[in-house]
Amino acid sequence: MKRTPEYSNKLLDSLLGWFLVLMLIIGLGLALWAVKDYKPNQQDLWQKVLRGGWTSDFDKELNDKIAFRQLAIDSWGALEYGLFGTGRKGVLVGQDGWLFSDEEFQYYPDEALELANKVGYIQEVKDTLAEVGARLVVLVLPAKIQALS
């Protein structure tokens with residue numbers, strides 16, 4: 001005969017289970033409503049289905065259509081930082097509430113090539129801005145790495 005643990009509350013367990021099922025149904029409904037107008041390209045649909053590319057297209061469409069996506073991402077990031085003191089991907093948490101981009105701590109095996117690529121990108125941005133009469137000003141900030149130690 002199976003015994004129920006003393007700390008178990010069948011009503012509470014049941015309510016929690018139904019709440020989770022309800023949230024899944026609501027989430028599915030909102031996702032389907034968000035992409036109700038999704039019309040994949042019929043010509044290559046079967047090729048994408050067979051090769052698995054259809055799911056990435058649908059995922060992109062869903063992400064583009066969900067109105068509260070960015071709010072949900074930002075809220076989760078704030079909750080994660082508040083509860084666990086951790087940052088989302090690309091963020092390093094320093095002392096005294098300082099947050100840093102992990103770009104400052106990345107290592108590139110071919111540093112000269114990486115630097116050349118970044119300088120090239122800066123030149124492209126400068127040229128694009130110049131086309132509309134704007135001037136690019138590059139501001140060099142001192143490294144904040146000391147705040148993490």
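Is Asp74 buried, partly exposed or exposed, and at what relative accessibility? Asp74 counts as partly exposed, at 40% relative accessibility. The notes below place this residue in its setting and then take up other features of the structure.

1. Nature of the model and overall fold. The structure under review is a predicted model. Its secondary structure comes to 5 helices and 2 strands. Read from the start of the sequence, these elements follow the order α-α-α-α-β-β-α. The protein has 149 residues, and buried residues make up 6% of them.

2. The salt bridge of Asp74. The structure holds 2 salt bridges. One of them joins Arg88 to Asp74, with 3.5 Å between the closest N and O atoms. The pair links distant parts of the chain, 14 residues apart: Asp74 belongs to helix H4 (69-84), whereas Arg88 sits in the loop between helix H4 and strand E1 (91-93). Arg88 counts as partly exposed, because its relative accessibility is 36%, and Asp74 falls in the partly exposed class as well, at 40%.

3. The salt bridge within helix H5. The side chains of Glu114 and Lys118 also meet in a salt bridge, at an N to O distance of 3.7 Å. Why are Glu114 and Lys118 separated by about one helical turn? They are 4 residues apart in helix H5, and therefore about one turn of the helix lies between them. Glu114 is partly exposed at 22% relative accessibility. The cut-off for a buried residue is under 20%, so a value of 22% does not qualify as buried. Lys118 is likewise partly exposed, with a relative accessible area of 39%.

4. The largest pocket. The volume of the largest pocket is about 480 Å³. It is lined by 14 residues, of which Glu103, Tyr108, Glu114, Leu115 and Lys118 are the closest to its centre. Both partners of the salt bridge in helix H5, Glu114 and Lys118, are thus named in this central group. By residue class, the lining divides into 8 nonpolar, 5 charged and 1 polar.

5. The nonpolar surface patch. Which residues form a nonpolar patch on the surface? They are Leu16, Phe19, Leu20, Leu22, Met23, Ile26, Leu30, Phe68 and Leu71, and together they have about 860 Å² of accessible area. Helix H1 (residues 10-34) provides the largest share of the patch, with 7 residues. Leu20 is one of the patch residues and lies in helix H1. Its relative accessible area is 48%, so Leu20 is classed as partly exposed. The cut-off for an exposed residue is over 50%, and for this reason a value of 48% does not place Leu20 in the exposed class.

6. Asp64 in helix H3. Asp64 has its place in helix H3 (residues 53-65). Is Asp64 buried or exposed? Asp64 counts as exposed, because its relative accessibility is 52% and the exposed class begins over 50%. Along the chain, Asp64 and Ala34 are 30 residues apart, while their C-alpha atoms are separated by 9.0 Å.

7. Helix H4 and the loop that follows. Gly77 is found in helix H4. At 13% relative accessibility, Gly77 counts as buried, since the buried class covers values under 20%. From Gly77 to Gly87 the separation is 10 residues in sequence and 6.8 Å in space, C-alpha to C-alpha. Thr86 is located in the loop between H4 and E1, where Arg88 also lies. Thr86 is partly exposed, at 34% relative accessibility. Between Thr86 and Leu99 there are 9.8 Å, C-alpha to C-alpha, for a sequence separation of 13 residues.

8. Val125 in helix H5. Helix H5 (residues 111-131) contains Val125. Val125 has a relative accessible area of 27% and is therefore partly exposed. How many residues apart in sequence are Val125 and Arg135? They are 10 residues apart in sequence, and the distance between their C-alpha atoms is 9.9 Å.

Key. Residues numbered from 1 in each chain as written. Predicted model: local features only at pLDDT ≥ 70, side-chain atom pairs only at ≥ 80, totals over all residues. Heavy atoms only, no water. Patch = residues over 30% accessible without salt bridge, like charges linked within 9 Å, V, L, I, M, F, W, Y side chains within 5 Å. Areas by Shrake-Rupley, 256 points an atom, 1.4 Å probe, with all protein chains shown as cover. Salt bridge = Lys/Arg side-chain N within 4 Å of Asp/Glu carboxyl O. Buried < 20%, exposed > 50% of the residue type's maximum accessible area, 1.4 Å probe, protein only. 1 Å grid on protein atoms, 1.4 Å probe; cavity = no way out; pocket = protein on both sides within 12 Å on 5 of 7 lines; lining within 4 Å. Points joined across faces, edges and corners; volume = space filled by probe spheres on them. Nonpolar A, V, L, I, M, F, W, Y, C, P; charged D, E, K, R; others polar.
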